[in-house]
Amino acid sequence: GQERRHRGHFHSPEIMCPAMRPDEDDVPLDGMSGDELFSGRDGYTYSDYIILPGHITFDAQDVTLDTYVTRKVKLHLPFVSSPMDTVTESQMAIHMALYGGLGIIHCNNTMEEQCAEVRKVKRFENGFILDPFCLPPTATLAEVDAIKHKHGFSGVPITDSGKLGGKLLGFVATRDHDFVKDRSTVVKEVMTQQLVTAPEGCSLEQANKILTDSKKGKLPVVNKSGELVALISRRDLRKNRDYPHASKGASKRLLVGASIHTRPEDKTRVAMLVEAGVDVVVIDSSQGNSRYQEEMVKHIKATHPDVQVVGGNVVCVSQAKNLIAW
């Protein structure tokens, strides 16, 4: 193709990767390579590109789209939702993570509402569930119903304290109370007490094997004192099978990001998001090269060093240089 110039700018460049160009010198080449295109200082709009297919020597299944969205967060699919107001809440973030991307929960809400959306994503699919809902043996079936209605969990471990870390006494699943009409019945009258458990310290693979062999829906993980320390769900095993490229962290929970602004009160929002389990914080600002952005980036890195930070917006080299330096 020909390079057409208008007021010093290229129009409709055709791009061909250098690695895909034929070796023969006598074959005329169309367009420009990626290096040639981006080595200049010209700007292009989306409609200015025509991608030319080249010669390949690999199969489609050999192509990987794995990429790092931050230095520590790797995605199987390079798709991240916008941090803009009302774009992404828990359902969209869950499905983006299941398919290998990353959803950014917007902050056009209260701090509590945004953290609740983050928790929904983190609870959706887990390896070891480290914060399961528990009840004491004196709780009623109405309380079990409330947990199912609010959070979608039909199985609840019963501990002496009603909390994680208490001695495991039993487990209440739908089959235990499905035909009990009196919802004021206490759970100790219907709970299953003969339980299959996994020992604390076992690997996720070992725990999954115990769960598969036992044919149970849930597998409590207990320590040597019989105290509940975690829970594993059969439903999560199915999700692992159906979504092999899901975006997950080291704890095997789905990855999720959340947006904030640069106001002083957003420092409190960040602290609450970190407590809720957020993996990435995105600073949503129209001008990323500002004193307010610098202060927020430095605050997050100093106060929450394990949380990944994405800053912006920046549109030129000098702005990006400052943002990277912070």
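**Close-up 1. Y99 and its aromatic partner Y243.** In this predicted model, Y99 is an exposed residue, with a relative accessible area of 52%. Y243 comes out as partly exposed, at a relative accessible area of 22%. The structure holds two aromatic pairs. One of them is Y99 with Y243, an edge-to-face arrangement with 5.4 Å centre to centre and 85 degrees between the planes. This pair ties together distant parts of the chain, 144 residues apart: Y99 sits in the loop between α2 (90-98) and β7 (104-105), and Y243 in the loop between α7 (234-242) and β13 (257-260).

**Close-up 2. The tilted pair F133 and F153.** Here the ring centres of F133 and F153 are 5.9 Å apart, with 40 degrees between the planes. F133 belongs to the loop between α3 (111-124) and α4 (141-151), while F153 belongs to the loop between α4 and β8 (156-159). That puts the two residues 20 residues apart in the chain. F133 is partly exposed, with a relative accessible area of 23%. F153, at 17%, counts as buried because the cut-off for that label is under 20%.

**Close-up 3. A three-stranded open sheet with a helix packed on it.** The strand order is β10-β11-β12, and the pairing is mixed. β10 (198-199) and β12 (228-233) are the edge strands, each pairing on one side only. Strand β11 (residues 218-222) runs antiparallel to β12, and five bridges join the two. Zooming in on β12, A230 is the bridge partner of V221. Helix α6 (residues 204-214) packs on this sheet and touches β10, β11 and β12. The direction of α6 makes about 65 degrees with that of β12.

Definitions and conventions:
Residues are numbered from 1 along each chain as its sequence is written. This is a predicted model: local features need pLDDT of at least 70, side-chain atom pairs count only at pLDDT 80 or more; totals for chains, interfaces and linings use all residues. Side-chain values use heavy atoms; hydrogens and water are left out. Rings of Phe, Tyr and Trp (its six-membered ring) pair if their centres lie within 6.5 Å; planes under 30 degrees apart count as stacked, over 60 as edge-to-face and the rest as tilted. Helices (H or I, at least four residues) and strands (E, at least two) are DSSP runs, numbered from the N terminus. Buried means under 20% relative accessible area, exposed over 50%, partly exposed in between (1.4 Å probe, protein chains only). Two strands pair if DSSP finds at least two bridges between them. Contact means heavy atoms within 4.5 Å. Axes are lines fitted to C-alpha atoms, for helices over the stretch in contact, and angles run from 0 to 180 degrees between N-to-C directions.
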